[in-house]
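Me: Please take one part of this model and go through it closely, from its immediate neighbours outward to its surroundings. I would like one connected account, with the cut-offs behind each term.

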Amino acid sequence: GDSTGLQKGAELGELTRAHQSFLESMFDDSFLLTSGPLVAPRSETNLRGLFFMDAPDPSEAQARTCEDPATKSGIFQMESMPFTTRFDLRALPPIERGFRMQRGSDAVVARPYVIVTIPTSTAANAIFDQLGHTAIFYGDVLGGSFKGQSLCVLDCTTIGDAQAALAGVTSMVGEFAFHPWL
């Protein structure tokens, strides 16, 4: 949602803690596979974060995210979009839990990545297949604001790194939108 309407001070802190607790409960239930906020510089000013959920359809994901205290308060507005990928995203929670155990903490891990959206999914498979391990997962968005686009999570910590990796496999980099993500 629009950042101009955010509450300030203690009220915002309380809503942030409630939001994090809600996300952790969805993660523990294996409904939420991975999530994180988008950080500056944002390509889309109203896009604040992305959740990847194991839901049979967008309406179930939408209903569940509307239970979030931050959504109920009006800070966030949720949009659910079906996403298809050949990667088994259900493998993400065990990887995350293992990473937390290695760190000796169950605290939320904030590691930077870059999400790339391509305005057409036609060339995406060929491009992302060439990236190897740099492309953590990718797929096509089937509905919502990003319908008809491909979305890829890259193992890059900066937009510059992501652009350099993609420049090595395609001349289409100027057509892509880059979204720093934690």
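Reply: Val 116 has Cys 152 of strand E6 as its bridge partner, and this contact is a convenient place from which to read the centre of the predicted model. Helices (DSSP H or I, at least four residues) and strands (DSSP E, at least two) are numbered from the N terminus. Residues are numbered from 1 along each chain, side-chain values use heavy atoms without hydrogens or water, and local features require a pLDDT of at least 70. Side-chain atom pairs are counted only at pLDDT 80 or more, whereas totals for chains, interfaces and linings take in all residues.

The contact between Val 116 and Cys 152 belongs to a longer run, for E4 and E6 are paired in the antiparallel sense through five bridges; two strands are said to pair if DSSP finds at least two bridges between them. Within that run, Ile 118 is bridged to Ser 150, while Val 114 has Leu 154 as its partner in E6. Leu 154 also appears in the pairing of E6 with E5, where Ala 135 is its bridge partner, and that pairing is likewise antiparallel, with five bridges. E6 therefore has two partner strands to describe, E4 through one set of five bridges and E5 through another set of five.

How are the five residues of E6 placed with respect to the solvent, buried or exposed? Five of its five residues are buried, where buried means under 20% relative accessible area, exposed means over 50%, and partly exposed covers the range in between (1.4 Å probe, protein chains only). In a regular strand, side chains alternate between the two faces of the sheet. In E6, Ser 150, Cys 152 and Leu 154 point one way and Leu 151 and Val 153 the other way, and all of these residues are buried.

The partner strand E4 is also mostly covered, with five of its six residues buried. One residue in E4 is Ile 118, which counts as buried because its relative accessibility is 1%. Ile 118 also stands 6.6 Å from Leu 151, C-alpha to C-alpha, although 33 residues separate the two in sequence. E4 is joined to E7 by a further five bridges, again antiparallel, and Val 114, already met as a partner of Leu 154, has Pro 180 as its bridge partner in E7.

Taken together, these contacts sit in an open sheet of five strands, ordered E3-E5-E6-E4-E7, with antiparallel pairing. Strand E3 (83-84) and strand E7 (177-181) are at the edges with a single partner strand each, so one side of each is left without a neighbour in the sheet.

The side chains of this region can next be followed into the nonpolar cores, a core being a set of buried Ala, Val, Leu, Ile, Met, Phe, Trp, Tyr and Cys residues joined through side-chain atoms within 4.5 Å. The largest core has 18 residues, of which Val 116, Phe 128, Leu 154, Leu 166, Phe 176 and Phe 178 touch the most other members. At least two residues of this core come from each of strand E4 (113-118), helix H5 (124-129), strand E5 (135-141), strand E6 (150-154) and helix H6 (159-167). Apart from this core lies another, of 14 residues, with Leu 38, Phe 52, Phe 137 and Leu 151 among its members.

Leu 151 and Leu 38 appear again in the lining of the largest cavity, together with Leu 47, Leu 50, Ile 115, Thr 117, Phe 146 and His 179. A cavity here is a set of points on a 1 Å grid where a 1.4 Å probe fits but cannot get out, and lining residues have an atom within 4 Å of a point.

For the wider frame, the protein chain contains six helices and seven strands, and buried residues account for 35% of its 182 residues. Its mean pLDDT, the predictor's confidence in each residue on a scale from 0 to 100, is 82, and 84% of the residues score at least 70. Among the elements, H6 has the highest mean pLDDT, 95, and helix H4 (residues 92-103) the lowest, 63.

Notes
On a 1 Å grid over the protein atoms alone, a cavity is a set of points where a 1.4 Å probe fits but cannot get out, and a pocket is an open set with protein on both sides within 12 Å along at least five of seven lines; lining residues have an atom within 4 Å of a point.
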